[in-house]
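Let's take a friendly walk through this structure, starting at the ligand and working outwards. Have the sequence and the 3D view open as you read.

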Amino acid sequence: MKTNIRSSRIGGFHKLAVDQRVKAVAEFAGLSLDEQAHLLNTGNLPSDMADHLIENVVGTMNIPLGIATNMRIDGLDWLVPMASEESSVVAAVCNAARQCYDNGGFVTSMSGTLMIAQIQLVGVRDPEHARIRILERKAEVENLCNECDPILVNLGGGFRDLEVRVLKTQSGPMVITHLIVDTRDAMGANAVNTMAEAIAPRISEWTGGQTNLRILSNLADRRLARARCIWRTQDIGGESVRDGMISAYHFADADPYRAATHNKGIMNGISAVVLATGNDTRAVEAGAHAYAARKGHYGSLTRWEVTAEGDLAGSLEVPMAVGLVGGATKLHPTARIALKILGVASAEQLARVIAAVGLAQNFSALKALATTGIQKGHMALHAQNIAMMAGAVGEEIDHVAQALIQAGKVRLDLAEKALNDLRSR
Ligand code: NAD
């Protein structure tokens, strides 16, 4: 039970060195010397780098990095690094990819690398006129945006288009300007936010209104990554499996309760590659879920059909704002190695690989759900996790996990008993 004696008001906490912060937290939370040493061991992310990536750093959080094998995308073979704490995620991708490898694997494409920055204008009496007045300034907007980021312009990116909408809201009409910017190999948040901040005062000037928010939209629907794949019915266990998967997809597309879990499975794959490459998982997740609800009904991000030949055709279309520069991509040493393993030459290529992984993940989840159920595949790894929770170490982990699987019940109390039995032998 927490008492009120301890205070979270630690003045100047952000100015302390990492080890001093650990001491302060240890005092607050009663951390042992071993626990403090554990925090200070930041593994393969140097603590001074961690301290620059985010604020108030006291350690790092290690997440396993696995490799998805069997991936054949656009005629090439890929090893795909995935960072996830969840068991079965990497295996699911490997299995799905194995089952379509001989049929050519995945085909991917991308709609472009355009990001949207929004500028909110309020307090105009004539919003429709204001909209037109802003649109008249397109050339000026283009110049101002491009002046903000000459590097991006030199790389072939920069301002592409201007869109303005009048939005009806609870506080009256708002005039919303969209700057459409090609951010090339950057995710682009900082790039477009800078542009929005530069343009906003001019919009106030041109319209007499007041500009408030200036920020990118994570609904990156001008940056859609697409993947498609055909699994031959004979390679996936026959027509009943295929039809079960189609029915599972129809369930997800019709029911938001199911679609949330269906899409979460897709994001198991997507977010793992996004994280492994130092990209922003929340940005991609926000975009994906907003896109899944774009028609006013939250549905499936994937589509599943039967081809004229009777095979299973899966496709995925999802906003994919990822970069090879910016954020942690170039700074985090593990992300750099992950990008080298992938060998992608552009942010677009990375986005396309990630879409293929999302589709593969969904294939495996649907297949498991439509056949043996999700727990069978999860069981072995889940049993190991429970064995470790019970205190098993080294070879004990497999022994205890095996005992749980044989008993057909993966429970902590049974794991503790199995561990006791093993140790008292
Ligand atoms: P950034 O500003 O660090 O890097 C982008 C810049 O790098 C470009 O503006 C360009 O000048 C330069 N550049 C060099 N080589 C380039 C190339 N080949 N292609 C494109 N640009 C190149 O990063 P960013 O991508 O603008 O922003 C990403 C970061 O912003 C992430 O860390 C993200 O978490 C964070 N962020 C996200 C949100 C959000 O998603 N809502 C909001 C704010 C910040």
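**Around the ligand**

The side chain of Asp149 has an N or O atom just 2.3 Å from an oxygen atom of the ligand. Keep in mind that this is a predicted model. If you look at the whole neighbourhood, 21 residues surround the ligand, and Asp149, Gly188, Asn190, Asn218 and Asp280 come nearest.

**Backbone contacts**

- Gly188 joins in through its backbone: one of its polar backbone atoms is 2.6 Å from an oxygen atom of the ligand.
- Met187 also uses a polar backbone atom, and here the distance to a ligand oxygen is 3.2 Å.

**Cover and pocket**

- How much of the ligand does the protein cover? On its own the ligand has 870 Å² of accessible area, and the protein covers 72% of that.
- The ligand takes up the space of the largest pocket.

**Who makes up the shell**

- Two elements give two or more residues to the shell around the ligand: helix 7 (150–154) and helix 8 (189–207).
- Helix 8 gives the largest share, with four residues.
- Sort the shell by class and you get ten nonpolar, seven polar and four charged residues.

**The domain picture**

- The protein chain is assigned four stretches to keep track of: domain 1 (1–62), domain 2 (65–111 + 224–371), domain 3 (114–216) and domain 4 (377–423).
- Why does the ligand lie between domain 2 and domain 3? Both of these domains give residues to the shell around the ligand, so that is where it lies.
- As for domain 3 and domain 4, their C-alpha centres lie 57 Å apart.

Key:
Residues numbered from 1 in each chain as written. Predicted model: local features only at pLDDT ≥ 70, side-chain atom pairs only at ≥ 80, totals over all residues. Heavy atoms only, no water. Near = heavy atom within 4 Å. Polar contact = N/O pair within 3.5 Å; in protein donor to acceptor, adjacent residues only side chain to side chain. Areas by Shrake-Rupley, 256 points an atom, 1.4 Å probe, with all protein chains shown as cover. 1 Å grid on protein atoms, 1.4 Å probe; cavity = no way out; pocket = protein on both sides within 12 Å on 5 of 7 lines; lining within 4 Å. Sits in = over half its atoms within 2 Å of the grid points. Nonpolar A, V, L, I, M, F, W, Y, C, P; charged D, E, K, R; others polar. Domains from an automatic or database assignment.
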